[in-house]
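This report looks at charged pairs and nonpolar packing. Keep the model open while reading.

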Amino acid sequence: MKTTGRSIDSKAVLEPKPVVRKWEVTNSLLRTVLVTSLGSIQYGYVIWVVYSPVLLMEDMGNAAKNPGEQQYLLFMLGLAISLFPIGGLTGALIAGVMVDEYGRKGALLINCFCSMVSSMFMVCATVVQAFLFTMVSRFIVGITIGIFSIVVPLYLIEISPLNMRGAIGMLPHFFLAVGVLLAQLLSFPEMLGNEEDWPILTSVPGILALFQTIVVPSFPESPRYLLIQKNDEEKAMLALQKLRHNEDVQEEIEELQQEKMAEKTEKSMNSLKLLCFPSLRWQVLSVIILMCGQQLSGVNAVYFYTERIYLSTGTDLNNVPYIRVASSVAIITAVFVGIFYIDSMGRKFLLLLGFGMCTILCIVLTMNLELQGDALWMSYVNAFLINIFLMGHAVGPSALPNLIIAEIFLQSSRSSAYVVGGFVHWFLNFFSIVTFLNIQKYIGFFSFLICCPICAATFFFILKMIPETAHQTFLEIRKQLPIYVAQRQITKMERMPRRNTRRALGEGQNPV
C-alpha cells in the first residue's frame, strides 16, 4: 500500500504543468461581467424586498381584509415567505434545460424578459392590493431569481480567463450583497419606503432587466459551450478573440479541445443521470455537502436575532435600518477583500476560514445571548459578533460553493451539477424558513447549537476531501480529483493496521 501511495505522489509531482498565459481585464470582458452581474443585483434586491418586514406587514394588511383569526394570518405570513423559495427551486430546475438548450447568454437574455414580467406582477400586486395576486407575484419572482442564481455564475465562470476565475467567480455574491444594500437604501421612508412609492420600489429589478435586455445581445456566447457542446470551433474562437481582445487564442482553443475529448462519457448528461453516474459520485456528494453547510450554518438564525440584539443595546427602532446598512457595507467590504485574495490564498482556505468562524461563533453566540440580560455591554459584543459571523459566511460559505461546482465538473455535466446544487440550496432555504420559527419557539438561543455540528462537519469534509483548485484548468482539476481521493483512501488504510496494532498491544495480545 505504501508503495502505491508513493507512486501516486511521484506521478502527481513529476507531471509537467503547462504554462498558462495571464490575461488582463479587457473592456469587452469587463462590460460583459458587469452587465451580467446586474442579475445578481436583482437577486439581492428581491431577497430584501420579498423578506422586508415592511412589505410583509402590508401583505398581512391585505390578508386581514378577509375574515379570519390570528392563526389564519400567521398561516398566510408563512405562505407569503415560503412561496419565494419554492419559486426559486422551480427556477433552478428550469435553468438546467435553458442553459443547455439556448446557451448561457441565451438563457440569461430569456430570463431578463421573465424578470421584467415578474417585476410587473410585483408592481401590480402593490397597486391592486389583492393578497392572492401578491402570492402569485412572489412565486413568479422566485422562478426568475432561481434562474439567475444559476445562469449568472455559470456564464461568468465559463468566460473568465484562468488567472481571474476565482475573482470573477466571487463577483455574483459581491453584487448580490450590493443588491441587498441598494434595496435597504431605497426602502428608507425618505426614499421609496412608503405606501405611495412602493410600486416604484418593486419596479427596480424590471428596470435593470430592461437594460440587460438591450445590452446582452451584443455579448459573446460562452466559448466552452460553443466548442464543447455545440461543436462550433469557429464561433468559439471568435468569442474568445472578442473577450480577450487578442487574435492569438489558440492556447485556450487547444485546452477546450482537450476537455472535449476527455468528457466523451459525460455527453447528454442531465441531473438524474448525474446522480446515478458512478465516476461523478464524489463530486455530487461534495456539492450536496457544501450546499447543506451553506444553508444550515446558522445564518438564518443570525438574521432572526439581528434586530433583537440591536434593540437590546438601547438603539431606537427607527435607527435599526441604518445599522443594517452599515452591516451590509461590512459584508460587501469582506467579499471585496476576498476577491483580491482568493487566487493567492486559494478557495480551500477561504472555505475553511468561513466555516471555522461559523462553527466557533455558533457556540459563542449561544452563551452570550443567554448572558445578555445580565450585562448591557454583552449586547454590544453580540452585535459585533453577529457582523463578524455574517462577514465570515459571506467570504466562504455564501460566495464559493458555486465556484467549486463549476471547477470540479467538466462542461457537459456542469449545468446539471448547478441544478443539483440549486435544488439543494432552495429546498433547504425553504425548509429552514418553515422550521426555524417553530424550533426557535421551543429552544430559543440554543438553536445555534443545532447548526454548530453541521458547520464543523462541513469544515472537516472540506479539510479532508476538497482539493485546492486555484490556478488549474478544469481538465487538470478533473485529473487531480481521483489522485487526491485515492491518496486519502490510502492514508486511511495505512492508519488502520497501526490502530489495530495499538489496540492489540493495549489488550496484551500478540499483534501478529
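Glu407 and Arg347 are both buried. The model is predicted. These two side chains form a salt bridge, with the closest N and O atoms 2.7 Å apart. The pair links distant parts of the chain. Glu407 sits in helix α19 (residues 401-408) and Arg347 in helix α17 (residues 347-371), 60 residues apart.

**Salt bridges**

The whole structure holds ten salt bridges. Three of them are listed here, with their N to O distances.

| Acidic residue | Basic residue | N to O distance |
|---|---|---|
| Glu407 | Arg347 | 2.7 Å |
| Glu255 | Arg224 | 2.7 Å |
| Asp100 | Arg104 | 3.3 Å |

Take Glu255 and Arg224, whose side chains meet in a salt bridge. Glu255 lies in helix α12 (residues 250-262) and Arg224 in helix α10 (residues 223-229), so the pair ties together parts that are 31 residues apart in sequence. Glu255 has a relative accessible area of 17%. Arg224 has 8%. Buried means under 20%, so Glu255 counts as buried, and so does Arg224.

Now the bridge between Arg104 and Asp100. Are its partners buried or partly exposed? Arg104 is buried, with a relative accessible area of 0%. Asp100 is partly exposed, with a relative accessible area of 23%. The value for Asp100 is not under 20%, so this residue falls outside the buried class.

Some salt bridges share partners. They join Asp100, Arg104, Glu158, Arg224, Glu255, Glu259 and Arg414 into one network.

**Nonpolar cores**

In soluble globular proteins, nonpolar side chains tend to be buried together. Here the largest nonpolar core has 122 residues. Which of them have the most contacts inside this core? They are Leu108, Ile145, Met170, Leu274, Phe389, Phe409 and Phe448. Helix α7 (residues 131-159) supplies the largest share of the core, 13 residues.

Phe448 shows what such a residue touches. Leaving out residues up to four places away in sequence, Phe448 contacts Gly298, Ala301, Val302 and Tyr305. Phe448 also touches Cys362, Leu365, Thr366 and Leu369.

There is also a second, separate core of ten residues. Among its members are Ile228, Ala236, Leu240 and Leu256. Ile228 falls within the residue range of helix α10 (residues 223-229), and Leu256 within that of helix α12 (residues 250-262). The Glu255–Arg224 salt bridge ties these helices together as well.

Definitions and conventions. Residues numbered from 1 in each chain as written. Predicted model: local features only at pLDDT ≥ 70, side-chain atom pairs only at ≥ 80, totals over all residues. Heavy atoms only, no water. Salt bridge = Lys/Arg side-chain N within 4 Å of Asp/Glu carboxyl O. Buried < 20%, exposed > 50% of the residue type's maximum accessible area, 1.4 Å probe, protein only. Helix = DSSP H or I, 4+ residues; strand = E, 2+ residues; numbered from the N terminus. Core = buried A, V, L, I, M, F, W, Y, C linked by side-chain atoms within 4.5 Å. Contact = heavy atoms within 4.5 Å.
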